[in-house]
Amino acid sequence: MSLLANATIGNIAGGSNTIVVEKCQLYFLFHSESELSNGVRGFLYFAALAYCFIGLSAITARFFRSMEHVVKHTRIVQEIDPCTNTIVVKHRKVWNYAIADITLLAFGTSFPQISLATIDAIRNIGQVYAGGLGPGTLVGSAAFDLFPIHAICVIVPKAGELKKISDIGVWLVELFWSFWAYIWLYITLEVWTPNVITLWEALLTVLQYGLLLLHAYVQDKRWPYLSLPIPRSKRPEEWVPMEMPPGRKGNSDYDEYQKLPDTEVAESSEQFNRTIPDKDNLLSIWKQQFLDALTLESPESRKMNNLCLRIAKLFWELLCAPWRFLFAFVPPYQIAHGWVSFILSLAFISGIAYIVTKLTDLISCVTGIDAYVIAFTALAAGTSWPDLMASKIAAERQITADSAIANITCSNSVNIYIGIGVPWLIDTLYNFFAYNEPLRIENAGYLSFSLLVFFATSVGCIGVLVFRRLTLGAELGGPRLWAWVTCVYFMLLWLIFVVLSSLHIYGLI
């Protein structure tokens with residue numbers, strides 16, 4: 001459905017043509033919004049969109065923390081000690097790290113884009129042509145993931161600190177499926193059935209996500225004949241470094257604890273993590289979430305000597321307070337190994353994504369900016385904010401670069417196989433049974449050109465990562481100057497993608 005009703009040309013008596021400017025009749029909350037000028041409405045909707053992105057950023061930290069607890073979950077295994085012939089009880093982790101990166105991390109951080117694309121598909125169900133908002137956002141998100149997020153992760157480690165991928169084999173598998181996802185998208189749009197998506201194409205798109213999971217697991221386990229014979233360095237036992245218990249900093253007993261063998265560390269730390277608070281403690285933790293949400297100024301802020309900086313920080317805290325209070329209703333992540341918090345965090349993310357789709361429609365309507373341009377620029381950057389925060393947190397907290405970079409490559413795969421595959425499957429299923437017709441893509445040319453630009457620029461990005469590995473020995477960190485040079489280079493690649501794609505949409509190239 002076209003939402004651009006900003007100008008029409010009518011024939012006036014005497015044969016002259018006059019441009020009659022019409023106001024956008026859509027509104028967000030109140031019908032009286034349409035009485036405001038388009039300029040005022042555009043400003044307000046852009047401000048609301050930015051505020052939604054702040055909300056996405058706020059919920060990401062809670063989502064990441066709950067995911068950490070999900071990954072730390074263990075199961076009890078009884079084994080016979082061959083030396084003493086006694087039963088030994090051990091706690092083994094349920095989650096494989098490679099699978100956790102592809103599913104929990106990549107799927108969870110891509111959930112805003114997936115939700116947006118699915119909502120867009122449901123709104124267009126029964127239509128002959130698919131909506132362009134979802135696919136445009138997902139391709140733009142791929143570019144944002146690959147360039148700006150890599151740029152941030154490169155400079156996150158401390159000066160001189162190097163963080164490398166410990167399992168190159170798994171990363172190559174993830175990278176292959178990431179690139180193949182966009183090659184597959186181009187084939188379906190331009191080669192196989194141009195401008196048309198069939199039911200089988202949609203189904204094959206979704207099923208390839210399962211192949212990615214299987215291939216990554218096979219490579220991680222180094223199955224003979226089915227995996228790449230690439231050695232890997234040892235990855236830490238914990239998915240994230242174990243946090244020091246309160247009040248134990250600098251304690252020599254704790255330091256000795258840190259020097260235990262790997263197996264003992266895993267079991268001891270898991271014993272610490274398995275300590276589940278009782279009901280009263282959980283209620284206290286939940287209550288503290290609300291108190292923290294309403295606390296606008298921390299003791300550290302009160303000690304600031306710079307009054308302007310203190311006021312700015314207070315203003316920011318005041319701006320974020322409504323989001324923090326809303327997200328305080330998410331139960332503590334200590335419940336059910338973090339699953340309740342994980343699922344509800346995704347629910348909040350989905351709700352914000354729905355609001356974002358409404359605001360995007362309104363911005364396109366009142367400003368006349370092509371919805372596809374908004375989708376792969378502002379909307380893609382905003383919905384990729386959880387990806388950015390998750391990769392940044394992983395680059396900060398983890399000893400290796402595996403999860404930080406895996407989140408980027410796997411998110412791009414998830415964007416296509418799930419983020420585009422599922423919406424296409426919904427629409428093609430309906431069209432197949434209702435009309436016995438395939439789904440048609442109205443803006444396939446825009447999407448295909450953006451894909452070609454993405455391919456060209458992504459080669460430059462991956463090439464630099466490989467060069468850093470060969471010269472510096474790591475993908476992230478290193479000398480501060482070279483880290484910043486890499487950061488600027490990645491940002492330039494993103495700007496090239498955005499500018500060229502926008503110029504093509506407006507017919508300038």
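These legends accompany an overview and close-up views of a predicted model.

**Figure 1. Overall content of the chain.** The predicted chain contains 17 helices and 8 strands. Of its 509 residues, 47% are buried. Among contacts with a separation of 6 or more, 76% are between residues 24 or more positions apart. The accessible surface is about 24500 Å², and carbon and sulfur atoms contribute 67% of that area.

**Figure 2. Close-up of helices α13 and α17.** Two packed helices are described by the angle between their axes and the distance between the axes. Helix α13 spans residues 371-383 and helix α17 spans residues 480-505; their axes come within 10 Å and cross at roughly 175 degrees. Angles over 145 degrees count as roughly antiparallel, so α13 is roughly antiparallel to α17. On the α13 side, the residues in contact are Y372, V373, F376 and T377. On the α17 side they are F497, V498, S501, S502 and I505. Sorted by class, this contact has 6 nonpolar and 3 polar residues, with no charged residues.

**Figure 3. Close-up of the β3-β4 hairpin.** Strand β3 covers residues 74-80 and strand β4 covers residues 87-93; the two pair in the antiparallel sense over 7 bridges. One of the paired positions is Q78, whose bridge partner in β4 is V89. The strands form a hairpin with 6 residues between them. Within the turn, N85 has a positive phi of about 60 degrees. In a regular strand the side chains alternate between the two faces of the sheet.

**Figure 4. Close-up of Y225 in the loop between α6 and α7.** Most residues other than glycine have a negative phi. Y225 has a positive phi, near 70 degrees, although this residue is not glycine. The loop that holds Y225 runs between α6 (199-221) and α7 (252-258). Y225 has a relative accessible area of 85% and is therefore exposed, the cut-off for this class being over 50%.

**Figure 5. Close-up of H337 in the loop between α11 and α12.** H337 is a residue other than glycine with a positive phi, here near 60 degrees. The flanking helices are α11 (307-327) and α12 (339-367). With a relative accessible area of 35%, H337 is classed as partly exposed, because this value falls between the cut-offs of 20% for buried and 50% for exposed.

Definitions and conventions
Residues are numbered from 1 along each chain as its sequence is written. This is a predicted model: local features need pLDDT of at least 70, side-chain atom pairs count only at pLDDT 80 or more; totals for chains, interfaces and linings use all residues. Side-chain values use heavy atoms; hydrogens and water are left out. Helices (H or I, at least four residues) and strands (E, at least two) are DSSP runs, numbered from the N terminus. Buried means under 20% relative accessible area, exposed over 50%, partly exposed in between (1.4 Å probe, protein chains only). Contact means heavy atoms within 4.5 Å. Accessible areas come from the Shrake-Rupley method with a 1.4 Å probe; for residues, only the protein chains shown count as cover. Axes are lines fitted to C-alpha atoms, for helices over the stretch in contact, and angles run from 0 to 180 degrees between N-to-C directions. Angles under 35 degrees count as roughly parallel, over 145 as roughly antiparallel, 65 to 115 as roughly perpendicular and the rest as oblique. Ala, Val, Leu, Ile, Met, Phe, Trp, Tyr, Cys and Pro count as nonpolar, Asp, Glu, Lys and Arg as charged, and the others, Gly among them, as polar. Two strands pair if DSSP finds at least two bridges between them.
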